[in-house]
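Me: I would like to learn how to read burial and helix packing from a model, taking one feature at a time. Could we work through this one together?

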Amino acid sequence: MSLQYNLENYYKPETMKQAVDLLLKFGKTAKVIAGGTDILPKRQCGAQFDTITHLIDISNLGLNYIKESKGNLCIGASTNINSLVTASAFHSNPYIGLIEAAEAHSTNTIRNQATVGGNLCNASPCADLALPLLALSACVVVAGPKGNHTIQLDTFFKGPNCTALLPGEILLEIIIPNHQETTGASFIKLRHHQTEVDMAVVNVATQLLLDGNNCLRAMIALGSVGPTSFLAKKAAGILSRQTLNKKLIEQAAMLAADESAPIDDNRATAGYRKEMAAVLVKNSLEKSWERSRK
Amino acid sequence: MTDSYTAVGKSFQRIDGIDKVTGAAKYATDLRFENMLYAGLLRSPHAHAKVTCINTSAAEKLPGVKAVATIFDVPKVVQYWFFLRTEKKKEQMFLHDNIVRFIGDPVLAIAATSKEMLKKALSLVTVEYELLKSIQDPHTALTETKVNIHKKGNIAFKVNKEFGNVHEGFKAADIIVENTYHTSKQKHASLEPIGTCVASFQSNGKLTVYSSTQLPHWSQHYLAMALGLSLNKVRVIKPFTGGAFGGRCGVIHGLEVMCSYLSRQTLQPVKMSFTREEDFSATESRHPMTIRMKTGATKEGMITANKVEILSDTGGYGTHYIGVIADCMSTGIGLYNIPNYSFSGTVVYTNKSPCGALRGYGNPQMNFAQESQIDIIARKIGMDPMALKLKNYRREGEMDPVLNELILSNGLKECLEKGARSCGWEEKRLRQAGNDLIKKGIGLSIMLHGTGAARALPDPGSATIMINSDGTANLHTAAADEGQGNRTVLAQIASEILGIEFDNISVSETDTDITPLDCGTHGSRQAYCGGLSVRNAAMDARQKMLNHAQKYLKVEANQLIIKNGHIIEKSNPDNNISIKDLMQKIQIQDMGVCEQVIGSASGIAPAMPGYYGAVFAEVEVNTQTGRVKVIKLTSAYDVGKAINPDMVRGQIVGGGVMGIGFALTEGLQLKDGHILNPNFTDYRILRSCDIPEIEPIIVESNEPTGPFGAKGIGEGSMVNVASAISNAICHATGVRLTELSITPEQILQSIKNSR
Ligand SMILES: Cc1cc2nc3c(=O)[nH]c(=O)nc-3n(C[C@H](O)[C@H](O)[C@H](O)COP(=O)(O)OP(=O)(O)OC[C@H]3O[C@@H](n4cnc5c(N)ncnc54)[C@H](O)[C@@H]3O)c2cc1C
């Protein structure tokens, strides 16, 4: 049995302050709604979200934008996912992974509705956009009762559906620092077979910045193989300051798989996920490497 | 009959197409009535328990709560209409006890004035349970003697059949292949969730139930029995339905009977709608089976023996479990002429959601095992699998030993030849896989499925046709159309025989107060059985029209034919009268007559003809991830005669999609009786972008007993898809998968094991 929300409990504040006040007022019974593509189906499925009786719609807060500021690229939290694909700002080498992730996300219809902020705040371990953003060393700007502050994305995810946001806090913006044009990037998503639209079984994003074959910077982000999306730092560490070769990439891939802690669920077993984490990291690094040479 | 048909063999648009795309068609969920109450179920959180006490007093105090019905008041329907055959068997159709047998088993229902009130009321009910040990594994059910899920124990049914002597058959074999196969708990996943009805008791004691059932008349019978009513006091109306696939093959556990009880208390219409989650977790699914099969063949490719042992898991209740296991037997034995065959089937109860009918019945499970075995043999003896099949299949003119019926039409050879040519079988099957990361393969599988159930079940069919005074006609049939389009096909048959234009024939709604007794829609039967009823009713009406025409045309009826809406003297075409003029005369203008032409027919089909098919599946397997991609299905089916070719193609493509799902993506996953994937995020049916090219090929073998030569197609088109895909995976990688649904992980593991 499920019920739709009553309209009386749906709020569309005009200012950030109103939004924060509403969140504080209703506490645990309130949640932000952006595109609604996570929160509404979850609510429909019953118990888990039955306690949420107030929805705070943030679409009037002017958070739908992609802009450059001080050499950084900034994405407003309620920017929908298709906007990333069409934005010229991301049509260069370092952001290919972000575009690939956006295109691998759901379907065209859902992407017109689903937001980048929603994808991060939902904090699903298999969220697609989280991975290229982690690999790009993004940080997020948060508004709350005590004003704005910035959190490194790397420390933003705390567990499945759990973030560093405190009561009354709202995600405002995602900031991507500047990256050298020669940075190679890629995103790979493994789905169940015969399916083109599905949550990931494993997803991976990598970044490589090279000087010749000397690796200046390596980033490896993994999804669906732990309680949160995360950066495999040990694996990336063995690439840094080294001369890249196939063997080293394979070692890094194995190490990344070691850093993962997947579980068995209805999509795949932990064992398969771990094995695929290595395969995907290897394939993704090879792709990033190739792209960094272009 | 002429060979140049005017309506048969033409792809008319479906008669309800426009209503459906414009939203004018009303489905059960759309129904609203004055004073209607909303009902919902409280379901058991336990897999196996005795309900000792139900306290509804707090709920009943709520102002909007109008009625409560519990497991103590309402019987469950636990058999199918096979059990209507004798008075003694009828008693076994119902079970009335206080045991819940799976997580989600209904404990009680409440009817309230609003959905909000209903939700609140359900939350106020308290139920006390005495927990019983639950059995999840069918093998445990077989051996466990201390826990009995039903009074008679955990074994629901056993069947054994033996032809020839398998022992001798294996002695004569050069190779013997033995494997155990497992198949999944597939769900129908129809677009419209299973489980919506409105029951409305009137003060005159008449019950009307709107339900998207496949079996309006049997539902009427079940309801009459459950409520102690006579049949004239129970009316079942089937609104438009968004797909059924066997999931509505009876009344739904906890639905129609519950609602009728609630409505009897209130004399108000009561509506209940299951959510998708309830559909997935508490309505019937396909029987998962463990199939052990030992097959012997000579090196020349003659199959000498097959020994089959099946353990079928029907869950907490079973309705169709006898039919389903019998179907494994009849389709398995029927397809090939294997001289020595031993079949033993056991059905057990477990504390899981119940199983029932699903497109193909027991055939897809059996076919997966048997067609895998045949493929293995072909590989072992180095023979083209197609040649092996052609050597052993049961041909036209042979006896079907299970149905005890002569095979009058079998277009399998043509299916194989046309399919093979179209997909390039010869060349592709000889292609070597090579060392690429992605390996290509092609696989073949064939099938036989019965049309209707004339040899197995009470399977009546009826139709009436009324010719109107303007020469148009109304066809009344309860051949429930679940979306496959049989009302359109039946109108085409009537049109052909009556010589009345297709557009001038209206087909009634399905309503037991109006439409004559029909078994309903199951067993791929409606083009054939429904078609025969309509054909016979139309012939009856036609004869009556000719008889009337004698008077006006002054010639004997046997000298008359009907063409283009006119009744014509064969040897003198100028002597004719239009149907319209004749009907005007006899119904109204000629006051000495004043008679409407009404044609009718009722009875069981003369046979249960097999229809056949061959599927060629082409796949790519990624050996790094184990992912399979089906590139193309070439699916050739012998349907006897395609009354409406587009509709047949629709069935072939739809079956292909469902078959790929059965092979690769679908299946309920359970943990301790909980269903882990009761939604479309986690239960993957193919999305439109996941569907590969499916090339439907129609073969017409002309079944002599069928209307215009037609037989079935509805189920068969999914039956042999999974086996064809599995055979293709083996062709690509060399590994044999024995468990459905096939996962990337299984493939990867098998590849590793084979190294
Ligand atoms: C059919 C379908 C397919 C999908 N496929 C994918 C897929 O392939 N990959 C994938 O990653 N996801 C997928 N999803 C999940 C979902 O679409 C994404 O996670 C999406 O990005 C969520 O964005 P939203 O704006 O719709 O979030 P919402 O549902 O509006 O919100 C999600 C959560 O974040 C919170 N939230 C949102 N915005 C803010 C904010 N600014 N500040 C604080 N909290 C906030 C909400 O309170 C809620 O808890 C799919 C969903 C559907 C329905």
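Me: What percentage of the 755 residues of chain B count as buried?

Reply: In this predicted model, burial is assigned when the relative accessible area of a residue is under 20%, and by that criterion 64% of the 755 residues of chain B are buried. The accessible surface of the chain comes to about 27000 Å², and carbon and sulfur atoms account for 50% of it.

Me: How does the radius of gyration of chain B relate to that of a compact globule?

Reply: A compact globule of 755 residues would be expected to have a radius of gyration near 27 Å, and chain B agrees with this because its own value is 27 Å. Its C-alpha atoms fill a box of roughly 90 × 75 × 45 Å along the principal axes, and 80% of the contacts between residues at least 6 apart in sequence join residues at least 24 apart.

Me: Turning to a single helix, which residues of α1(A) are buried?

Reply: The general idea is that an α-helix has 3.6 residues a turn, so residues three or four places apart point the same way. In α1 of chain A, residues 16–26, the buried ones are Ala19(A), Val20(A), Leu22(A), Leu23(A) and Phe26(A). They lie on the same side of α1(A), because the arc they cover around the axis is only 160 degrees.

Me: What do the buried residues of α1(A) pack against, and which exposed residues does the face turned away from them carry?

Reply: The buried residues pack against strands of chain A, namely β1 (10–11), β2 (30–33), β3 (54–57), β6 (139–144) and β10 (170–176), whereas the face turned away carries the exposed Lys17(A) and Lys25(A).

Notes:
Residues numbered from 1 in each chain as written. Chains lettered and ligands numbered in written order. Predicted model: local features only at pLDDT ≥ 70, side-chain atom pairs only at ≥ 80, totals over all residues. Heavy atoms only, no water. Rg over C-alpha atoms; globule rule 2.2 N^0.38 Å. Buried < 20%, exposed > 50% of the residue type's maximum accessible area, 1.4 Å probe, protein only. Contact = heavy atoms within 4.5 Å. Areas by Shrake-Rupley, 256 points an atom, 1.4 Å probe, with all protein chains shown as cover. Helix = DSSP H or I, 4+ residues; strand = E, 2+ residues; numbered from the N terminus. Arc of directions from axis to C-beta.
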